[in-house]
Amino acid sequence: MTTTDMVGLAAASLLRFATAGSVDDGKSTLVGRLLHDSKSVLADQLDAVERASRHRGAAAPDLALLTDGLRAEREQGITIDVAHRYFATPRRRFILADTPGHVQYTRNMVTGASTAGLAVVLVDARNGVVEQTRRHAAVAALLRVPHVVLAVNKMDLVGYAESVFAAIAGEFTAYASRLGIGEVTAIPVSALAGDNVVVPSAHMDWYGGPTVLEHLESVPVGTDPTTSAARFPVQYVIRPQTPGHRDYRGYAGQIACGVFRVGDRVAVLPSGRTSTITAIDALGTSVDLAWAPQSVTLRLADDLDISRGDLITPTTSAPPTTRDIEATVCHLADRPLRTGDRVLLKHTTRTVKAIVKDLPSRLSLDDLTHTPHPTHLTANDIGRITLRTSEPLALDPYTNSRHTGSFLLIDPTDGTTLTAGMAGTSFAAPAAPVSTDGEWDF
Amino acid sequence: MLSHVDVLESEAVHVFREVAGEFERPVMLFSGGKDSIVMLHLALKAFAPAAVPFALLHVDTGHNFPEVLAYRDRVVAEHGLRLHVASVQEFIDDGRLRERGDGTRNPLQTVPLLEAIGRHRFDAVFGGGRRDEEKARAKERVFSLRDEFGGWDPRRQRPELWQLYNGRHAPGEHVRVFPLSNFTELDVWQYIAREKIELPSIYFAHEREVFAREGMWLAPGGWGGPREGERVERRLVRYRTVGDMSCTGAVDSDAVTIEAVIAEITASRLTERGATRADDKLSEAAMEDRKREGYF
């Protein structure tokens, strides 16, 4: 490798993406094909897959075995839990959250989608858009994954017919736009045969778009930090109290969004006290400005009472603080969530007590209908919730910030992660009043 | 725009600070291998100019490479760190552990590790594990709750969303924390190159005595090699991973600089563990099974 190549690799951008598909849509095969054809599978891994495939009596290496890492997954031939895969091309590095498609693991897709910059929704060309497809699209929309790819798989089994692809792509795109997904890239593929995953297909002359990998390599990543309001949750206060740094007091944290500059007037929430940034230490170097997602240490002109859980924000764009939260949630735990439950709420670096005041509605991801006032939410349910917290929180709407608009509910008795929350309104919020016949007007 | 290495660094620092902010008694596993060295470098940056607010814990198998132990002691002294050592040899000497027939001590580490965690009441234990290393590790969370026996149950893991890590645990339980989860072997080397981090010399090509066993070059030593019929020879080699001498193999290499190492692993057709770790070859689920028992 030349020095130029190395510099290129070092400076490459990072795309996190998640895959979603029903059990037999061939998701593991697609992921295996992506890794295999991009030469990200090394000889010893392939040997292990070939050995295991032979052991199972299979004629050809089963690429799905590359990704199913747990004993129980290999035994049952299904993916139980989210796994992370890493691969790189000269243009970009990738972190893939490989999420299971089973209905009972919707929470795992929510988990994978929470950090993804792109979601690949897989459809079997023979079956077209099914309930599970709609569920996956809804989760991607709810979690605000910036880019959605529809991979119409098993094109080899429908004679590589353009009409089949066009009909599925049309139906999905129409559904996605109702969910507020701006743009869908639809790609006809055969994961088994390798069409349009990494290598362009020789069977579909009518398709002029990119392969899955080309699209992953070229989709824009990240957002322009200058377009969002700056937010800095304080993680840890650094006070060395050593002879060289007697008066050093720095507020360490990761910038959640936006840009901070030396000289900015800032407010500290929830107290509302104000000061000015005098220095930004970016892991060892002093800088004039820093932006998300950098981990830095801020120093302020005034000695304020600031601790873990506080939010530093420019005085010009401070969010309101509130103890009453309305949000869309995905319930994750086996134990149900009920009105009146006392929970812990973790938002950025702050954990407070909270009470579930009400469950206004539960959303069916299959057809986007609402059940008003359910008695409880069970695992994998998506619903609306209102909460009252013991202390004020500076929450942004999730539509503005995936970092400062998200939270977890935690069981205070044993620490179980109960629920994932997204503050503010979303398509999961029914237009008031909630109709009782299950119909819902966009 | 930030490069992918910048993003990974920033996230790892975030993880260190979360643990320091939420736990009472964290500790960092430190073996003197490249991953733990990178982990320590990140911890030093996360809390600078203050000191790292936790101690190090080394599980010493008794069959460590001398260069690595020397390196360990040097960095501990240089940064004024506190080091706890949990010794497999002590456990064997007093009868709490028995030597295995194959001479490998890697699986024996779990017992002294869990004993040290219990005795010091550590509630968070940083490990340098990376998800790209092995398929069971690909399923690992950044914060991984372990029960009172140190066990990992992959079916009962907490979902991990956004960057909201849940460190709640009951008395007796602890959390394993993996700040390098999203680094790959290449990322680690690129970070070492960028930050100019010093490594033990065995990571770079050097002549040493080795003998062949099951397709790997092992270093002779008091741990029990070579056996009869195994011939020692001098070769130009380096190590891709550093662990117990009985199961860590060297690879043929002439890479004497970081740049040459990066070029070598970029071109390699073998994974780091496939090339150099005997213990992962024991069965298809070797790592998963060890992790269930409390191995990091």
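Begin in chain A by selecting strands β1 to β6, which form an open sheet of 6 strands in the order β2-β3-β1-β4-β5-β6, with mixed pairing. Keep in mind from this first stop onward that what you have open is a predicted model. To find the borders of the sheet, colour residues 83-88, which make up β2, and residues 184-188, which make up β6, since these are the edge strands of chain A and each of them pairs on one side only. If you then look across the sheet, the twist from one strand to the next averages 25°.

Next, stay in chain A and select residues 118-124 together with residues 147-153, which are strands β4 and β5; the two run parallel, and 7 bridges join them. Within this pair of strands, show V123(A), which stands opposite V152(A) in β5(A).

Now bring chain B into view and select the residues that meet across the boundary between the two chains, where the contact takes 79 residues from chain A and 64 residues from chain B. The area buried between the chains is about 6,000 Å², and carbon and sulfur atoms give 56% of that area. On the chain B side, highlight R17(B), K139(B) and W162(B), because these three supply 15% of the area that chain B buries against chain A, more than any other three residues.

Remain at the interface and turn to its polar side, where 26 residue pairs are in polar contact between chain B and chain A, counting pairs with both residues at pLDDT 80 or more. To see which parts of chain B are involved in touching chain A, colour α1 (4-22), α2 (34-47), α6 (185-195), α7 (258-267) and α9 (286-292) of chain B, the elements that give two or more residues to that side. The largest share, 14 residues, comes from α1(B). Colouring the touching side of chain B by residue type divides its residues into 27 nonpolar, 16 polar and 21 charged.

For the last stop, look for salt bridges, of which there are 43 over all chains in the whole structure, while 6 are found across the interface of chain B and chain A. Select K346(A) and E18(B), which form a salt bridge whose closest N and O atoms are 3.2 Å apart. Then select R308(A) and E22(B), another salt-bridged pair, with the closest N and O atoms 2.9 Å apart. This pair crosses between chains, with R308(A) placed in the loop between β15 (295-300) and β16 (311-314) of chain A and E22(B) placed in helix α1 of chain B.

Technical notes. Residues are numbered from 1 along each chain as its sequence is written. Chains are lettered from A and ligands numbered from 1 in the order in which they are written. This is a predicted model: local features need pLDDT of at least 70, side-chain atom pairs count only at pLDDT 80 or more; totals for chains, interfaces and linings use all residues. Side-chain values use heavy atoms; hydrogens and water are left out. Two strands pair if DSSP finds at least two bridges between them. Helices (H or I, at least four residues) and strands (E, at least two) are DSSP runs, numbered from the N terminus. Axes are lines fitted to C-alpha atoms, for helices over the stretch in contact, and angles run from 0 to 180 degrees between N-to-C directions. Contact means heavy atoms within 4.5 Å. Buried area is the accessible area (1.4 Å probe) that two parts lose on being put together, summed over both. A salt bridge is a side-chain nitrogen of Lys or Arg within 4 Å of a carboxyl oxygen of Asp or Glu. A polar contact is a pair of N or O atoms within 3.5 Å; within protein, one must be able to donate a hydrogen and the other to accept it, and residues adjacent in sequence count only if both atoms are side-chain atoms. Ala, Val, Leu, Ile, Met, Phe, Trp, Tyr, Cys and Pro count as nonpolar, Asp, Glu, Lys and Arg as charged, and the others, Gly among them, as polar.
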